[in-house]
Amino acid sequence: VNKGSDFLDSQIENSTLLSCVIDNDIMLLAGVLAFYYPAHEKYINQLALAICNDPDLNWKDALSRNQIKSKKWLLEKLTQYQATLKQPIALTPKKTQTTVVVGGWVGILPFLASMNQVNLGKVLNVDVDTSVHSASMGLNSIFNPFYKTVNDDVRTLDFSTFSNPVVIDTIVEHFEDHDKWVKTLPTGTTVVLQGNNMFDVPDHVNCHSSLSQFVKSCGLSKIKWQGELVLYKCNRYMVIGIV
């Protein structure tokens with residue numbers, strides 16, 4: 001196998017995906033992928049560097065097909081929603097949006113936003129897991145100078161201190177009485193929520209069997225958009241609304 005990989009490398013004068021796998025070299029892989037996707041080279045390299053710096057994190061799950069599809073879907077629908085507003089909630093000269101990402105983990109959502117030119121303004125990534133913050137900062141701070149991460153319980157944050165807040169919570173299934181917390185947010189706050197029907201996962205204490213059931217449990221005063229995404233082994237529900 002190694003000889004075959006060496007032969008291919010020599011013929012195309014570049015490393016192949018096969019050689020990256022054999023050598024178990026993530027930075028080499030980044031270089032190969034950047035060759036095929038030059039427009040995203042800086043993002044590919046930064047992701048590879050973040051993985052190298054924190055190799056023990058669960059990157060396999062963070063970068064799974066379901067996770068990436070769900071987050072790209074969210075960014076697409078949020079962008080479409082913002083475009084319908086008379087005064088978009090993205091950056092404005094006098095008032096900067098603050099996006100609070102609940103349980104943001106290693107920061108894949110804001111990373112994808114930067115990669116796809118979606119402006120989330122100031123981003124605060126909130127996660128109680130202290131092990132993820134280094135990777136989250138490494139992945140995002142280079143692309144968003146206003147990116148911060150904290151390990152507070154989001155339910156203890158004072159949202160009145162945030163400018164033009166938008167709350168993105170993709171881990172509704174991990175919160176009991178989630179709707180009660182949503183109702184404590186400042187009136188008029190834009191909220192994006194995602195949940196699922198993965199009842200078999202032990203940490204999932206707030207799953208729903210249908211989109212309509214999910215919508216009813218959200219705790220929002222106005223629903224601006226709702227939808228369902230069929231994924232591998234589960235369905236993802238999403239709501240964009242106002243408190």
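A salt bridge is taken here as a side-chain nitrogen of Lys or Arg within 4 Å of a carboxyl oxygen of Asp or Glu. In this predicted model, the rule yields a count of one salt bridge. The partners are Asp153 and Arg155, whose side chains meet with an N to O distance of 3.1 Å. Asp153 is partly exposed, at 28% relative accessibility, and Arg155 is likewise classed as partly exposed, with a relative accessible area of 45%. In general, side chains of opposite charge can pair when their charged atoms come close.

The central architectural element described here is a sheet. Seven strands make up an open sheet with mixed pairing, in the order S3-S2-S1-S4-S5-S7-S6. Strand S3 (147-150) and strand S6 (222-231) are the edge strands, each pairing on one side only. Between neighbouring strands of the sheet the average turn is 15°, with direction ignored.

Two of the strand pairings can be followed at the level of residues. Strand S2 (residues 122-126) runs parallel to S3, and four bridges join them; Asn125 has Thr149 as its bridge partner in S3. Strand S4 (residues 165-169) and strand S5 (residues 190-196) also pair in the parallel sense, over four bridges. For Val166, the bridge partner in S5 is Thr190.

In a regular strand, the side chains alternate between the two faces of the sheet. Strand S3 shows such an alternation: Tyr147 and Thr149 point to one face and are buried, whereas Lys148 and Val150 point to the other face and are not buried. Thr149, the bridge partner of Asn125, is thus among the buried residues of this edge strand.

Aromatic contacts form a further theme, with nine aromatic pairs in the structure. One of them joins Tyr43 and Phe111 in an edge-to-face arrangement, with 6.1 Å from centre to centre and 75° between the planes. Tyr43 belongs to helix H4 (residues 41-53) and Phe111 to helix H7 (residues 108-115), so this pair ties together parts that lie 68 residues apart in sequence. Both rings belong to residues that fall below the 20% limit for burial: Tyr43 is buried at 6% relative accessibility, and Phe111 is buried with a relative accessible area of 3%. Phe159 and Phe162 form another edge-to-face pair, with a centre-to-centre distance of 5.4 Å and an angle of 80° between the planes. Phe159 and Phe162 are both buried, and together with Phe175 and Trp181 they form one aromatic cluster.

The helix that carries Phe111 merits separate description. Eight of the eight residues of H7 are buried, so this helix is largely enclosed by the rest of the structure. The buried residues of H7 include Ile108, Leu109 and Pro110, as well as Leu112 and Met115. After H7 comes Gln117, which has a positive phi, near 60°.

Aromatic residues also occur at the surface. Phe35, Tyr36 and Tyr37 form a nonpolar surface patch, with about 400 Å² of accessible area together. Tyr37 is located in the loop between helix H3 (26-36) and H4. H4 is also the helix in which Tyr43 lies, and Tyr43 is buried.

Conventions: Residues are numbered from 1 along each chain as its sequence is written. This is a predicted model: local features need pLDDT of at least 70, side-chain atom pairs count only at pLDDT 80 or more; totals for chains, interfaces and linings use all residues. Side-chain values use heavy atoms; hydrogens and water are left out. Buried means under 20% relative accessible area, exposed over 50%, partly exposed in between (1.4 Å probe, protein chains only). Rings of Phe, Tyr and Trp (its six-membered ring) pair if their centres lie within 6.5 Å; planes under 30 degrees apart count as stacked, over 60 as edge-to-face and the rest as tilted. Patches are made of residues with over 30% relative accessible area and no salt bridge: like charges are joined within 9 Å, nonpolar side chains (Val, Leu, Ile, Met, Phe, Trp, Tyr) within 5 Å. Accessible areas come from the Shrake-Rupley method with a 1.4 Å probe; for residues, only the protein chains shown count as cover. Two strands pair if DSSP finds at least two bridges between them. Axes are lines fitted to C-alpha atoms, for helices over the stretch in contact, and angles run from 0 to 180 degrees between N-to-C directions.
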